[in-house]
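Biologist: Please show me the model, and then let us go through one residue and its surroundings with care.

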Amino acid sequence: MKRLIERSRSVGEVLRWVTQNPGKVSASHYPIALHKLGQLLQQQPGPPMGAGDSRSPAGQVLEQPEFHALCQAIVSGCAKFDNFSIVNCLYAAAALGLPGESPLVRVLEDESRSRLGRFNQKDVSMVFSSEANNKALEAIFSSQLFYENRQERFIRSMAEWLPRKAENLTPYTMALIAKYVARHRLREPRLLDTIANFLLKRGEQLDSKVIQKLVFPFSRMNYRPSNHVELFPKLEAILEQKAGSSPLATVNILMSMFQLSHFPQTVLHQVFSPAFITNVMSSPYALIVRRYLSLLDAAVELEFREYSGPRLDPRYRVLMFEHALTADEANRKYSYKGLVAEALRQLVGEECYRQDEVLPPGYCTDFLLWINHSGTVLPLSRVPAASRAPPATSPAAMSLRSSVLALTSDLQDFAPVVLSVNDKWHYCQNSDILVGSRAMRDRHLRLLGYCLVQLPYTELEKVSGIEEA
């Protein structure tokens, strides 16, 4: 049956083999039939219309009773299919252009989600390792099943051929790819450079909300694209024109650029202007914008000292984060922080450190200690009370550099130390490179005068027992 399907010369022939010989058709034959239909449809002349259009060849096939019978057979039997056949059918349906709301796609996705715990890497990776067109890529990256699982093999393969196809992709599809890469922290330079080249060529045609999605992977992976000398000024020019049209997107793009140590001065003049501030403070997302603007303002003070334009009004300053990040909370059971806390308690005693301290401009630290010049960890009782509190605890009066100067002058012979537990999700995948937000946090803590001691998970996972810890 497999050979008969693969040798078919027309859509009708494929459908006849499958629907008229139900006793000879097994689960593995259905994805082969769907794939073959897709190949034959691509060879047929006709208008370049979607599968849902009845005037296109694909649309005509979807209306045939034999095709409905094929879909119904898959829907009825998919619960008994093996994993590989399920995922293969799902991919073939996407490549064929079936809409996500079609009964076939819905049933296959539901069945796939119910088996998620039993899927292995090969089940999915083998399916997604071939080249795909814009419609198929959109369907793949829109799939929740695919989105929730890291497909490194597929991404490496895609990095080889995507540059040749990028011009034919829609901004929506490219944004889906960028979102996936960022979610799974996949620092694949060729893929990131492809996104950057797409941005450079199409940037003026895109709105700020799409641009922020395409820029985010660069800061997330702490990666300056190879065309950044051209791309960053281009983004600045676009932001100058569109800053007010989508304030939250503008601030997000600025944050990405700041994390990569690029500071667009003209755009900063706009976002710190009274008009921009008034606009965002009356919007539904006022609080999140205030948080981002507060962090941007702190970054200007710490890293962009030559800037002489307007700054954020002190009355609008707030802490960027008031507690641990959501990702850290969600991954608490996988963190080495508990091990370090117990080891630290036994080593220096609970009276010598503070845990989960939030330091302006809103960075949550794992452990905060005070040491003298000889390296001795000091009990909190020996540290002046005013210095034990984080510098500039009143956000409205926050002046970071002066606060740190005051802190160090009060302590004189003492220095604050941040002990940082860097768990696996703080790094790019399979890399020793910290994600952009974490890297900027570390830069800022050092500039604020804290000594930073890093405890990477790669070292902590070698530890055996509390004594070694």
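Modeller: This is a predicted model, in which local features need pLDDT of at least 70 and side-chain atom pairs count only at pLDDT 80 or more, while totals for chains, interfaces and linings use all residues. Residues are numbered from 1 along each chain as its sequence is written, and side-chain values use heavy atoms, with hydrogens and water left out.

Biologist: Leaving aside neighbours within four places in sequence, which residues is threonine 194 in contact with?

Modeller: Contact means heavy atoms within 4.5 Å. With neighbours within four places in sequence set aside, the residues that threonine 194 touches are Leu162, Pro163, Ala166 and Met174.

Biologist: Is threonine 194 buried or exposed?

Modeller: Buried means under 20% relative accessible area, exposed over 50%, and partly exposed in between, with a 1.4 Å probe and protein chains only. Because the relative accessible area of threonine 194 is 7%, this residue counts as buried.

Biologist: What separates the C-alpha atoms of threonine 194 and arginine 164?

Modeller: Along the chain, these two residues are 30 residues apart. In space, the separation between the C-alpha atoms of threonine 194 and arginine 164 is 9.3 Å.

Biologist: Which residue has its backbone oxygen 2.8 Å from a polar atom of the side chain of threonine 194?

Modeller: Threonine 194 has its place in helix α13, residues 189–202, where helices are DSSP runs of H or I with at least four residues, numbered from the N terminus. The backbone oxygen lying 2.8 Å from a polar atom of the threonine 194 side chain is that of arginine 190.

Note on methods. Helices (H or I, at least four residues) and strands (E, at least two) are DSSP runs, numbered from the N terminus. A polar contact is a pair of N or O atoms within 3.5 Å; within protein, one must be able to donate a hydrogen and the other to accept it, and residues adjacent in sequence count only if both atoms are side-chain atoms.
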